[in-house]
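This report describes the fold of a single protein chain, moving from the surface to the sheet and then to the helices that pack against the sheet. Please keep the sequence and the structure in view while reading.

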Amino acid sequence: MATMEECRAALDKLSDNLSGSDNAGVRSVASFDRSLSCHLTDLDQTFTGRFSDGRIDVEDSWPGPPRERAQIRLAMTGDDLVAMVDGELNFAKSWATGRVKLEAGFRDLLHLRKLL
């Protein structure tokens, strides 16, 4: 099972990957600014922060589910987070099968699809 430190490092790596991407779809959401939460179901821990300027800025973490409703809400196991960031797990397939949960408004989902 992935640790909180490994999950935090995975979020930092994901942020670096997004900000350094040459992909036009990723660059087009650079002005996207939304609150974000990532609940790690197996660890029962939540990271919160913001997706802005093409980066994910983690601001806090605590035990349990998210305390406030973020505009973009993710839920998955810590192992799945690490595997996705390492390229070992496909996000779209995992989301389609319910292994990874993503909740957001319709407009936000349209923006996020460019990242997938």
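The accessible surface of the chain in this predicted model comes to about 6700 Å², and carbon and sulfur atoms account for 49% of that surface. The chain has 116 residues, of which 43% are buried. Where contacts link residues at least 6 apart in sequence, 59% of them join residues that are at least 24 apart.

**Elements and sheet**

Five helices and five strands make up the secondary structure of the chain, and read from the N terminus they follow the order α-α-β-β-β-β-α-α-β-α. The five strands form an open sheet with mixed pairing, in which the order is β3-β2-β1-β4-β5. The edges are held by β3 (55-63) and β5 (101-104), each of which pairs on one side only, and from one strand to the next the twist averages 20°.

At the β5 edge, this strand runs antiparallel to β4 (residues 72-76), and four bridges join the two. Within this pairing, A75 has K101 of β5 as its bridge partner.

**Helices on the sheet**

Helix α1 (residues 4-19) packs on the sheet, where it touches β1 (34-40), β2 (45-52) and β3, and its direction makes about 165° with that of β3. Helix α3 (residues 78-85), in turn, lies across β1 and β4 and runs at about 110° to β4. The two helix directions can be set side by side, each with the strand to which its angle refers.

| Helix | Residues | Strands touched or crossed | Angle to a strand |
|---|---|---|---|
| α1 | 4-19 | β1, β2 and β3 | about 165° to β3 |
| α3 | 78-85 | β1 and β4 | about 110° to β4 |

**Helix α3 and its cover**

How many of the eight residues of α3 are buried? Six of the eight are, so that the helix is mostly covered, a residue counting as buried when its relative accessible area is under 20%. The buried residues are G78, D80, L81, A83, M84 and V85. In an α-helix there are 3.6 residues a turn, so residues three or four places apart point the same way. The cover over the buried residues of α3 includes α1 and α4 (91-96), together with the strands β1 and β4. Just after α3, the backbone at G87 takes a positive phi of about 80°.

Technical notes. Residues numbered from 1 in each chain as written. Predicted model: local features only at pLDDT ≥ 70, side-chain atom pairs only at ≥ 80, totals over all residues. Heavy atoms only, no water. Buried < 20%, exposed > 50% of the residue type's maximum accessible area, 1.4 Å probe, protein only. Contact = heavy atoms within 4.5 Å. Areas by Shrake-Rupley, 256 points an atom, 1.4 Å probe, with all protein chains shown as cover. Pairing = 2+ DSSP bridges. Axes fitted to C-alpha atoms, helices over the stretch in contact; angles between N-to-C directions.
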